[in-house]
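Q: Could you walk me through one strand up close, and tell me what sits on either side of the strand?

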Amino acid sequence: MTANPLLMGHPLSSPEHAKHALLYMYRIRKFEEAVEDLFGRGMMHGTMHLSIGQEAGPTGACLALQINDQITSTHRGHGHCIAKGADLTRMMAELLGKKIGYCGGRGGSMHIADAETGNLGANGVVGGGIPIAAGAALASKMRKSGTVAVSFFGDGAMNEGAFHEAANMAAIWKLPLILFCENNKYGMSSSTEKAFNLENLADRGRGYGIPGVTVDGNDVVAVYEAAEAAVARARNGEGPTLIESVTYRWKGHSRSDKNLYRTKEEIEEWKDKDPIPNFIHKVLDRGILTQEQVEEIQKISTEQIMQAVKEAAAAESATPDGLLEAVFKAVSA
Amino acid sequence: MSDRMLTMAEAVREAMGIAMEEREEVFILGEDIGIYGGAFGVTGDLYHRFGSERVLDTPISELGIVGAAVGAALSGMRPIVEIQFSDFTAQAMDQIANQAAKIHFMLGGALHVPLVLRTPQGSGTGAAAQHSQNLEPWFANVPGLKVVVPSNPADAKGLLLSAIDDPNPVIFLEHKLLYKIPGRDPVPEGAIRIPLGVSKVVRTGKDLTIVATGIMVNKSFEVAEKLAAEGISIELIDPRTISPLDTAPIFESVEKTGRLMVVQEGPSHAGYINEVIAQVSGSASFGNLIAPIKRLAGMNIPIPYAPQLEKVAVPQIADIEAAAREIVKNWR
Amino acid sequence: MSMTMETGELILYHVKPGDRVKSGQVLFEVMTDKIDMEVESPADGVIEQLVGEIGVAIEIGKPVLIMQTDTEVMSFDFGGDEPLPEAPAPVVETVAVQPAVIEAPVVAAPAPVALPPMTNPQEIRAVPKARAIAEDRGIDLRTVAPTGPDHTITVEDVGGNRLSDDQIKRQVANKALIAKGLEMTRSIPQISFSRNVKSGSVDLTSVISNWARVLRTRPDLNISPKDGSAVSHVGVAVIIESKYGSALPVFKDPDLQTLSELADLFASTAKSAHNGKVPLAMLSGATTAIFDLTRYQMNSSVPVLFPNQVTSLTIGENFSGEKIISLTIDLRYLDFYDGAQLLDSLISAL
């Protein structure tokens, strides 16, 4: 299964764009559900961080990106990988510890990277990817390659020094960088109310002399529009933009989460703001897609995930051969 | 011209200049490396030769600097980071140890990080505990980093050029007291490269093997020359790179001399020289030891300020001399 | 065991006649003034006879049992001499028919420090190389006085590049044995002749072979070291360097072997002699002796006579590479002209 060539453009600009946006949100949703199921049945090990409820952010942002634009991602990174065009089978294979997995079983859920789609990697360290994205943007500027870099990170990462240092450097050097904060309300158990003395995290942009915008992160259209503006600015040499995409994580932080820090009511409230029906209503209301087309896309996405699980499960397990040799890239003569 | 006696600062600058002329993806970033020329003057005139974009002054943001270098390296550039003092790498450790070191392995090999991090280290300047450490064991204990500790200008030039060529992150630790002194050997002109992971036998001898890196090579060499007059013949080995560590010449030497002394400026506890000792202990050369292995290293204390205190914290020439004489005299 | 000990009481035999024993196997126990001591077999072999009496004091150096050995041990055949008190450990004495006599333990000088007898060698401090040397040379580290820091045994303590205590003891014994033998021959009327060899093959193997061939023509010159009676073989003792001093393996009837067989046998014998071992079968039956000094570019114009040998040769060499062969004869068996003819015959044969 090869990655689909990325489609760019406004999700409501054509039936094709609408289908694409819907398909990718469904893919993310179904992928996460499959992962949760496999964990529940003991077929996956380690840990996992699910992004169910947050699908509109990566999907909307990546609709604004070319295939050679670069991203860095987070520990909750499956959605970014999928939205940037990663192969579902290789992703699932990685989580199952298979040889054909993106990292050959050496990385797992938190470390999927895909050089072909400009994905510089998910990251197990909060904020770890932000300076790296700044560096990618620096390279773009130095090489005049015209690409932009998007760093996805959570609200928690905005309190890391890495965010501050990268945002400042990107600002002073006017790097083609989009600082894309997925504010899902909690850094593990710490709410943004406890961790910030700010109403809108995007206000931090002003501290670096860059624009900061807050958008409804459950509205793929709003996300796209904000991202598109930021990308245009970046490509135009005007420097970075901070986007705060307000969303919500339905599931616990990780497998061990008992949701003691929030109420069931709050979770249900956010489930009513599900980004997928939100978008379906929009496309049906505007007559961009029919109900049948929507159902067809849902069906296709389910089949694609099932196929990915099937192929990944059947694949050869990773073996310890060559582990030592894999530490360094061989020095060519 | 083959008799050019350069200082290590000059040799390192020359290597960077050659690399920047050779490839346009090579650039330097760090604090005060531009018009200032670097805190120790290492980048010198490179700013004027290559411009502000390729000799990039950064804010005081070690984590951000290294992170940006990692991202640039992932995107086809070959950054050389200068961290003003090795002590400040602590600020950047996530990007060094968790990101740069692991990306190639952890992310499945599709990406790699051709990054060089140069930084001055070592005591002897009265700068006290946060500006004087020798941190090679920090990096040597992280799989995925190569660690180079040059002891002289000629090696520094050749090793740095190889480090810049290397597709992996390389930590390049320069002893700040070596910056201003010329080496014993001339520095060849041109793009000479010395492969990483090849130990150098600095001096041959038959009574005692000394393994040392960085400034301790110079100190040990002086001792070896002095003791030669007393009939004590010292073989001095400079591994030059700590990761990877080329042990074969060390084993061979121990096989010959039967006596081993390892010298390091940093604290003895869990220092890199302990790896040398462990490797020798596990090798066939162990059976040929006629003396217990002597470890001469810094005290297990933060480097103190006052000169008389700083001096006792790390091995001095007299200490090396006394230890070498004692081991040869006591163990026959 | 103390140096003053002269007798020990035989407590117990662990073997009986006909038993096959291994080197290192306990043969009998002796009680001394300090400790009970187990005496081990110095070689593999078969017990022939127990000659001591249980409960009775035995004198140092007197036979306790007689065994037929079949392994290689280092000793000389000088025809039933009294054992030398300096000799280390139980000495294996062989006679022409090769029974070995195991004697009461000879007391060697004690180790410079007394270590508890139960000390495990692994608990002794020694540098790795010293352990390796000790193992190689069969040195018990418990008997070694450490001179290194922290009471650690150094390489020098176990001999290192110089000789180990054990080696020195053995060499002292060895020299004493040779000297004692030669003392017996000093009063014998004798004369020596020398001649430079202008041409011909003067390598050691051909000298051994040809000298045996010459002596075979004179049965009266091949006599038993035990009683002086004529024997029917020619036994050429060749002096070889060993780690315990000089070794004298005897090549029996070398003239009956081909030169290449003899060369192979010589090479293997020289190699094992270097390590201090000479095959038991080659320890006896010498009727003549040869020294080869050519590799030192030296000559001894007066070869020494060993007991009950009536001839002796040296092969020497001068600095221009010319070989010189010297012969010493026992004038009681040969007269001047006999001797001169003998040397002439050898050189012609070469």
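**A strand in chain C**

A: Let's start wide: 38% of the 350 residues of chain C count as buried, where buried means that 20 or more other C-beta atoms, placed from the backbone, lie within 10 Å of a residue's own. This is a predicted model, in which local features need pLDDT of at least 70, side-chain atom pairs count only at pLDDT 80 or more, and totals for chains, interfaces and linings use all residues. Residues are numbered from 1 along each chain as its sequence is written, while chains are lettered from A and ligands numbered from 1 in the order in which they are written.

Chain C has 5 helices and 17 strands; helices (H or I, at least four residues) and strands (E, at least two) are DSSP runs, numbered from the N terminus. Now zoom in on strand β11 of chain C, residues 235-238. C:G235 and C:A237 point one way from β11(C), C:V236 and C:V238 point the other way, and all are buried. That fits a general pattern: in a regular strand the side chains alternate between the two faces of the sheet.

What about the neighbours? Two strands pair if DSSP finds at least two bridges between them. β11(C) pairs with strand β14 of chain C (residues 250-252) in the antiparallel sense, over 3 bridges, and here C:A237 stands opposite C:V250. β11(C) is also joined by 3 bridges to strand β15 of chain C (residues 288-292), and these two run parallel. In that pairing, C:A237 stands opposite C:A289. So keep an eye on C:A237 as you rotate the model: C:V250 is its opposite in β14(C), and C:A289 is its opposite in β15(C).

Key: Buried ≥ 20, exposed ≤ 12 C-beta atoms within 10 Å, placed from the backbone.
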